[in-house]
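Grab a viewer and something to scribble on. Below is a short set of exercises, each with a solution to check yourself against.

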Amino acid sequence: KKTVREIDVTSKRVLVRTDFNVPLDEAGAITDDTRIRASLPTIQYLCERGARVILCSHLGRPQGRVEGRLRLALVANRLSLLLDRPVAALHDCIGPEVESAVAAMNDGDIVLLENLRFHPEEKKDDPAFAEGLASLAEIYVNDAFGASHRAHASIVGVPNYLPAVAGLLLEREVNAFTRILQNPERPFAVVIGGAKVSDKLELLDNVISRVDLLLIGGGMAATFFASRGYRTGASQVETDRLDEVRRVEKNAERRGVRLLLPSDVIVAERLEAGVPNRVVPATEVPDGQIIADIGPAAVDEFSRELRAVRTVAWNGPVGVFEIPEFAEGTRRIAATLANLDGTTVIGGGSTTDAVQRFGLADEMTHVSTGGGAALAMLAGKPLPGVEALDDAEGP
Ligand code: 3PG
């Protein structure tokens, strides 16, 4: 796909779709500005070349209505601080007021349109809305990797009306995933965790044909345990997925992929801080107990296995890391990856949160800003937002 580096942007009005969908606390303050920081290279690149930068994003899930706490003015303020230049927050994303603000822009100016999802047309990929957005600019740049799995107007609609290229973040994200999936240095391991196996079946199917080693943890391991006939106590087992889990295990065996489940687990009556917990063999989770983390023997085994590989992709924490008693497995996996002499790709969402919480993000090769988009990449599914961009010229 064509990138922003291959086009002339000087004095051009450039509409940039960014992913400023940042987490907010109860008072409406930004709790993590990673996604804003990750957008800076593209914005700076455009400003330095004298483009007129029109930024747009969604924030939260406002159901097509204006919601005061989801206005993007707070993002504009943070962005302005980070860039050390003014960023004007506009009160809408289409219409005469926006058009006149854009007409008054000078080279290097930056404006941020209002939350795209205040308009129901955004999620419906409404052509008139997409055309309205496109009419503000001469060039479209998609830098919103985290939202590129959504076929929404600002992602797939606008490219119908403008030359459409990838921003620097989108390019970096897509390249990181493509490289490890298509041409990994071997041995290549994937660590998969998270609560539900049903969210990860496509990912499992895709990676099994590419990896040498598959390590499975998190709540989803319970369904694997159940399919092997282990006692799973009160852990959540997705009984409607047992056949699919068996198929995954068979597939791994047929392809010579080593699939490892934790040999021991930490269990508790409830997934809450301060509740008593203990280590038990994975085969014998007592009645009434829930799996909360992988156990110390599993941590040692997983770490030993991971130290011997050259490429690791990780999607999904192996325990309930938000609770200190159940964070150790996830922390140790993160630490092992941080020390690995090889390529480490962190697949977004809660895995990215965990790695950041442990202060290890800078030690990884790539930490994705996407949740659903990272999962889609690892599952080998094309991202609609990338598909919609112009193809690069030449071979
Ligand atoms: C994300 O947070 O993963 C993206 O910004 C997409 O948000 P959405 O899940 O509300 O579409």
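The exercises go from the domains to the core, then to the ligand and a few single residues.

Keep in mind throughout that this is a predicted model.

**Exercise 1. Find the two domains and describe how they meet.**

Step 1: Split the chain. Domain 1 covers 4-172 and domain 2 covers 184-378.

Step 2: Get the spacing. Using C-alpha atoms, the domain centres sit 35 Å apart.

Step 3: Look at the contacts. Nine residues of domain 1 touch six residues of domain 2. On the domain 1 side, helix α1 (residues 34-48) gives the most, with three residues. Sorted by class, that side holds three nonpolar, four polar and two charged residues.

**Exercise 2. Locate the largest nonpolar core and work out where it lies relative to the domains.**

Step 1: Start with a rule of thumb. In soluble globular proteins, nonpolar side chains tend to be buried together.

Step 2: Pick out the core. The largest one has 123 residues, and Val-14, Leu-15, Ile-54, Leu-133 and Ala-189 have the most contacts inside it. The top contributor is helix α7 (residues 168-182), with seven residues.

Step 3: Place the core. Both domain 1 (4-172) and domain 2 (184-378) give residues to this core, so it lies between them.

Step 4: Zoom in on Ile-54. Skipping residues up to four places away in sequence, Ile-54 touches Arg-13, Val-14, Leu-15, Val-16, Val-102, Val-111, Leu-113, Leu-136 and Ala-137.

**Exercise 3. List the residues around the ligand and compare them with the UniProt record.**

Step 1: Collect the shell. Asp-19, Asn-21, Arg-61, Gly-146, Ala-147, Arg-150, Gly-371 and Gly-372 surround the ligand. By class, the shell has one nonpolar, four polar and three charged residues.

Step 2: Check the record. An unreviewed UniProt entry lists "binding site" at Asp-19, Phe-20, Asn-21, Arg-35, His-58, Leu-59, Gly-60, Arg-61, Arg-117 and Arg-150.

Step 3: Cross-check the two lists. Asp-19, Asn-21, Arg-61 and Arg-150 appear both in the shell and in the record.

**Exercise 4. Sort Leu-59, Arg-61, Arg-117 and Arg-150: buried or exposed?**

Step 1: Recall the cut-off. A residue is buried with 20 or more other C-beta atoms within 10 Å, and exposed with 12 or fewer.

Step 2: Take the loop between β2 (52-56) and α2 (73-83), where Leu-59 is found. Leu-59 has 23 C-beta neighbours inside 10 Å, so it counts as buried. Arg-61 is in the loop between β2 and α2 too, but with 11 such neighbours Arg-61 counts as exposed.

Step 3: Move to Arg-117, in the loop between β4 (110-112) and α4 (120-123). Arg-117 is buried, because 25 other C-beta atoms lie within 10 Å. Beyond four places in sequence, Arg-117 is in contact with His-58, Arg-61, Pro-62, Gly-64, Glu-122 and Lys-123.

Step 4: Finish with Arg-150, in the loop between β5 (139-142) and α6 (153-157). Its count is 20, so Arg-150 is buried.

**Exercise 5. Find out what Asp-390 packs against.**

Step 1: Place Asp-390 in the segment after α15 (384-387). Asp-390 is partly exposed, with 17 other C-beta atoms within 10 Å.

Step 2: Trace its partners. Leaving out neighbours within four places in sequence, Asp-390 is in contact with Lys-1, Lys-2, Pro-163, Ala-164 and Val-165.

Step 3: Add one distance. Asp-390 and Ala-166 are 224 residues apart along the chain, yet their C-alpha atoms are separated by 8.6 Å.

Note on methods: Residues are numbered from 1 along each chain as its sequence is written. This is a predicted model: local features need pLDDT of at least 70, side-chain atom pairs count only at pLDDT 80 or more; totals for chains, interfaces and linings use all residues. Domain bounds come from an automatic or database domain assignment. Two residues are in contact if their C-beta atoms, placed from the backbone, lie within 7 Å. Helices (H or I, at least four residues) and strands (E, at least two) are DSSP runs, numbered from the N terminus. Ala, Val, Leu, Ile, Met, Phe, Trp, Tyr, Cys and Pro count as nonpolar, Asp, Glu, Lys and Arg as charged, and the others, Gly among them, as polar. A residue is near a molecule or strand if its C-beta atom, placed from the backbone, lies within 6 Å of it. A nonpolar core is a set of buried Ala, Val, Leu, Ile, Met, Phe, Trp, Tyr and Cys residues joined through C-beta atoms within 7 Å. UniProt positions are given in the numbering used here, feature names are shortened, and annotations may be inferred rather than shown by experiment.
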